[in-house]
Amino acid sequence: MSWGTELWDQFDNLEKHTQWGIDILEKYIKFVKERTEIELSYAKQLRNLSKKYQPKKNSREEEEYRYTACKAFLSTLNETNDYAGQHEVVSENMTSQITMGLARYVQELKQERKSHFHDGRKAQQHIETCWKQLESSKRRFERDCKEADRAQQYFEKMDADINVTKADVEKARQQAQLRHQMAEESKADYSSILQKFNHEQREYYYTHIPTIFQKIQEMEERRIVRLGESMKTYAEVDRQVIPIIGKCLDGIVKAAESIDQKNDSQLVIEAYKSGFEPPGDIEFEDYTQPMKRTVSENSLSNSRGEGKAEPKFGGKSKGKLWPFIKKNKLSLKLGATPEDFSNLPPEQRRKKLQQKVDELNKDIQKEVDQRDAITKMKDVYLKNPQMGDPASLDHKLTEVSQNIEKLRLEAQKFEAWLAEVEGRLPARGEQARRQSGLYDVQTTPTVNNCAQARESSPDGSYTEEQSQESEVKVLAVDFDDEFDDEEPLPAIGTCKALYTFDGQNEGTISVVEGETLYVIEEDKGDGWTRIRRNEDEEGYVPTSYVEVYLDKNAKGAKTYI
């Protein structure tokens, strides 16, 4: 099967067919290019999608990724990003292995095709020239033969005419001979040219054209093979990334299987556990027996009666929350958190302190590494003075050492607070604890005023009176004019501190675990109990921090049911 023998007369059709083959190849190149653009666009969209849902640094979202479900989602985002990378690999490989190679091949193919068809046209022009020569010699031979016949006929006519002179007859005879001689020469020339044309024609149809068409056939077959190989490469480029894509999908499945709902539930407990005990039973107040209100209650009632009309809170306070679950008004107004996180519940405070200690230790380690690096550099300068002046590093080394000392002191302070919370170290002294808050507990009237402000707040929080010396702007509270003249409240029982409590806000009092104190006003449903250590020290502590032993014979004692 050869185009040279089978398609010897289809030069124009072969020219059109080979041009169509090149067009098909260029169309396939365009297809692959568009596929690479789609792969790049898809990869870009996947990366943007993964980036969009990545947790923001130093935000609440970053804390949420402690949970296994969120970790699995983060792994899914990372695997999706890797998955996008494989689509970029597909695009790059298709560009380098298919489109670039085919583009060069198409240019070579066009040049080769042009050369082959140029040779074919040259052969066609040559055979056409030979054919024209043959036709020309043929016509000349034909013309000479006709002229010789006419000359012969004219001679015979002149020879038969008796009236024609002998000279005229001889002249006609010579003319006829000349024409016959010219006809013979034309015949010989025509025969020679015909033989030459037949030879050229055989060479054209059996040698030149088959050779040219065979080369064109081979060129076209190479184009077809190259197109098939490109299609195989197209599939192989995709197949090469399938194992990696499979690993990405396996990573997503593994992340999904790593989700532990029990662990997440435990993390919720660790995140929000306050460390408080649930509130005890509500006291029953027996109004069938004549009872005298405590001095504090009367004072507070009178104060509210003389001022603005405000809701009264006794044993029936509703909607009150634990004081550490909802920030008190003072914290909201100050807008700051105590350094030792004493405004938080015990468990949350311990976590915050531990986190702070870890951060300080990391900072210390960074500074230590920096100091070691500077020390090594200084040693190098000492051994090789041409590299630098060792004295130029002394200032930096001193500065780093001072930073390390500051960080270590800071870490020791927080470790002491942490140890205190965890019960590893003895609690701080009473005076130190009393002064650790934003305000010092000064005198009994101040405590009473705070109690009055606390009782007038519907959410169980308390506010402070603004003094001339205080820089904190807090709304003033109307006080009872006769409150300062009241006698100290009588003790209605005793209590034992179950936990250590640092009273940092005005109106509270610090207690140490195991300490025994006097109860002068019991919990009215807002979670606070008023206690006294001595004549000068009294204040409020969370009811859940103490175990109360009421004296049933004391005035104002209530009955529990």
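With a relative accessibility of 40%, Tyr 53 counts as partly exposed, because that class covers the values between under 20%, which is buried, and over 50%, which is exposed. In this predicted model, Tyr 53 is found in the loop that runs between helix H2 (11–52) and helix H3 (60–64). Together with Leu 49 and Phe 73, Tyr 53 makes a nonpolar patch on the surface, with an area of about 280 Å².

From this one residue we can turn to the chain as a whole, which has 12 helices and 5 strands. Of its 561 residues, 36% are buried, while the accessible surface of the chain amounts to about 34900 Å², with 51% of that area belonging to carbon and sulfur atoms. When contacts between residues at least 6 apart in sequence are considered, 74% of them join residues that are at least 24 apart.

The strands deserve a separate look. In general, strands of a sheet pair through backbone hydrogen bonds, in either a parallel or an antiparallel way. Here 5 strands form an open sheet with antiparallel pairing, and their order is S4-S3-S2-S1-S5. Strand S4 (538–542) and strand S5 (546–550) are at the edges and have a single partner strand each, so one side of each remains without a neighbour in the sheet. On average, neighbouring strands of this sheet are turned by 40 degrees against each other, if direction is ignored.

At the edge formed by S4, the pairing can be followed down to residues: strand S3, which spans residues 528–532, pairs with S4 in the antiparallel sense over 5 bridges, and Trp 528 stands opposite Pro 542 in S4.

Conventions:
Residues numbered from 1 in each chain as written. Predicted model: local features only at pLDDT ≥ 70, side-chain atom pairs only at ≥ 80, totals over all residues. Heavy atoms only, no water. Pairing = 2+ DSSP bridges. Helix = DSSP H or I, 4+ residues; strand = E, 2+ residues; numbered from the N terminus. Axes fitted to C-alpha atoms, helices over the stretch in contact; angles between N-to-C directions. Patch = residues over 30% accessible without salt bridge, like charges linked within 9 Å, V, L, I, M, F, W, Y side chains within 5 Å. Areas by Shrake-Rupley, 256 points an atom, 1.4 Å probe, with all protein chains shown as cover. Salt bridge = Lys/Arg side-chain N within 4 Å of Asp/Glu carboxyl O. Buried < 20%, exposed > 50% of the residue type's maximum accessible area, 1.4 Å probe, protein only. Contact = heavy atoms within 4.5 Å.
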